[in-house]
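Thanks, everyone. Let's get straight to it. Please look at the screen.

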Amino acid sequence: AAPPGELDVVERRLRRSRRTERAFRDLRESYVAADAATAASAGKLFALIEHTRAHPRYRLNYGSLGGKKDDGWVATPRRASGDTSPTHSLFPPKVEELLLAIDCEMVATANDSDALARVCVCNAEGKVLLDHLVKPKDPITDLRSHITNIKAEDMESVEYRLADAQADILKLMTPNTVLVGHTLNKDLSSLHIDAPLVVDIGFLYGYEGLARSMPALTHLVEQVLSRPGFRGEDGQAPHNCIDDVSATMELLLHRLRNAPAKGEIPRIHWVPPPARMAAARAEASQAAAAKSEEIRQSLLAHRIPDRPGMFPALVALFANLGGGSVAKGFQSVSFQPQTNHTKAQKFRSACVIFDSPEAAQAAFDALPAVEIMNDRGGRLQKMVLLPFGARDVARIYVRSTLKMPAVADCAVNSDNVAAPSKRKLSNVGTEGDSARGEAGDEAKAAAEEEGRAEKRPRLPSKDVAAAGVVAAAWPGWRAAAEEELRRSPDQRLPWHLLRAALVARRRRAGSCDAGGGEQEEDDETLGC
């Protein structure tokens with residue numbers, strides 16, 4: 001069973017959702033008999049309310065807003081639950097008469113980090129209907145004067161309380177009143193007022209190219225209302241509650257009055273971001289591109305035994321590929337920080353860095369593989385033998401970060417059955433991948449691969465002394481595997497049958513030496 005606290009949140013969300021739906025339905029019905037001009041104006045407001053509710057952050061910010069009366073919460077006016085009388089009128093109020101903008105300033109107290117300290121309300125005409133300092137219930141610990149513009153001496157004689165502010169606001173409202181604000185959920189939370197009909201200005205405007213960023217009120221005033229210096233020349237002046245509430249209303253009226261007469265009203269009005277944000281975005285994009293290129297120039301080696309000599313062993317493995325000719329672009333090995341999982345398993349992961357993506361891919365192609373497989377992300381990787389000495393060899397995994405050919409990809413699943421891979425191989429280095437996401441994917445994939453390594457079907461082991469000797473690459477093995485799988489009834493084969501079919505193909509072609517026993521011949525043929 002869910003904890004009582006979680007049930008309370010769910011119940012509050014459901015209750016608020018039902019109340020919001022009913023209030024919005026009643027508001028619409030109020031204008032069904034209105035004249036064409038009034039109905040058109042009302043339709044624009046309805047659209048902006050719907051755009052607020054459709055915003056991805058609405059559920060998080062407003063979904064569970066509200067609380068119990070015992071906790072000091074009050075609800076805005078609404079129709080009685082049994083009232084079935086028509087709500088429409090031939091002469092409903094003008095749409096702008098429904099609007100009330102609210103702005104609050106909050107301070108920190110001993111028990112509340114956002115206690116109400118000032119509240120302002122204005123109507124669509126810009127008339128301030130309410131402006132009061134509010135005395136919090138608990139002692140104030142931080143006035144945040146640099147933001148709120150409230151000083152200690154301002155609060156000395158204040159006796160106006162939260163309950164007074166709630167009562168005065170409710171007097172200004174009707175069941176059809178629409179509250180307007182910028183991040184209005186914070187104001188309503190400090191006021192402890194549950195209002196179903198809201199328009200959040202922050203949801204109706206956005207930064208070009210930065211869809212996830214909430215535009216600041218200051219920037220919107222400067223860009224939309226053409227009013228520079230709203231927070232002073234340096235943009236750091238304290239808030240003025242009256243200016244803020246008036247600007248909020250003007251921003252809504254700008255959307256309302258400039259909405260197209262016909263057709264759909266745009267969900268968001270885009271504005272250029274501040275210069276500092278544009279510069280930061282360009283810098284982040286450049287850094288991501290550089291990181292992406294760095295990733296494309298590397299191979300990921302993981303499940304490396306955490307023991308002395310691992311660094312020189314790994315360097316020697318790549319430096320000696322193809323007698324040294326293949327690894328001309330090899331630059332360095334960078335071991336990654338261990339996760340809790342790799343520490344417990346005593347394994348390490350490392351990035352093997354080259355001077356170009358082509359050099360990294362050439363090194364991956366030249367690596368002699370004991371087994372070739374797809375990782376969980378669909379990327380091709382090899383099980384490789386890492387010599388620590390003459391008779392001391394460990395098996396590690398090396399994965400390319402470049403996009404692999406999509407032809408004849410096959411993998412071995414948990415049932416020891418080979419089948420064409422249905423997963424699209426990732427192009428880790430493509431434009432748009434974030435550096436943070438890449439690093440997380442690499443670490444997560446490595447840890448998951450290490451956890452599954454013991455369960456994966458493998459080729460039988462060879463004599464350790466001869467383990468470093470692997471047959472030359474067989475360029476056509478992918479196409480051969482794909483053809484064998486296509487011939488099977490359901491395009492699936494047990495791994496040992498697929499291996500036997502590939503070995504038979506190589507024997508018929510006369511391309512492999514039959515050295516050693518039967519099992520050794522099979523293994524070496526498959527490694528070709």
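**Backbone outliers and a cavity**

N149 counts as partly exposed, because its relative accessibility is 37%, which falls between the 20% and 50% cut-offs. Keep in mind that this is a predicted model.

Where is N149? Find the loop between α4 (145–148) and α5 (152–155). N149 sits in that loop. Now its backbone. Phi of N149 is positive, about 65 degrees, and N149 is not a glycine. For context, most residues other than glycine have a negative phi.

Next, S226. What is its phi? The value is positive, near 55 degrees, and again the residue is something other than glycine. S226 also lies in a loop, the one between α9 (217–224) and α10 (241–257). Is S226 buried or exposed? S226 counts as exposed, because its relative accessibility is 58% and the cut-off for exposed is over 50%.

So much for the backbone. On to the interior.

How many cavities of 30 Å³ or more are there? The count is 2. I will take the second largest cavity. Its volume is about 50 Å³.

Which residues line the second largest cavity? From one stretch of numbering, T76 and P77. Then M173, T174, P175, T177 and L179. Finally A195, P196 and L197.

By class, the lining of this second largest cavity has 7 nonpolar residues and 3 polar ones. Charged residues are absent from that lining.

To recap: N149 and S226 each have a positive phi, and the second largest cavity has no charged residues in its lining.

Methods. Residues are numbered from 1 along each chain as its sequence is written. This is a predicted model: local features need pLDDT of at least 70, side-chain atom pairs count only at pLDDT 80 or more; totals for chains, interfaces and linings use all residues. Side-chain values use heavy atoms; hydrogens and water are left out. Helices (H or I, at least four residues) and strands (E, at least two) are DSSP runs, numbered from the N terminus. Buried means under 20% relative accessible area, exposed over 50%, partly exposed in between (1.4 Å probe, protein chains only). On a 1 Å grid over the protein atoms alone, a cavity is a set of points where a 1.4 Å probe fits but cannot get out, and a pocket is an open set with protein on both sides within 12 Å along at least five of seven lines; lining residues have an atom within 4 Å of a point. Grid points are joined across faces, edges and corners, and a volume is the space filled by probe spheres set on the points. Ala, Val, Leu, Ile, Met, Phe, Trp, Tyr, Cys and Pro count as nonpolar, Asp, Glu, Lys and Arg as charged, and the others, Gly among them, as polar.
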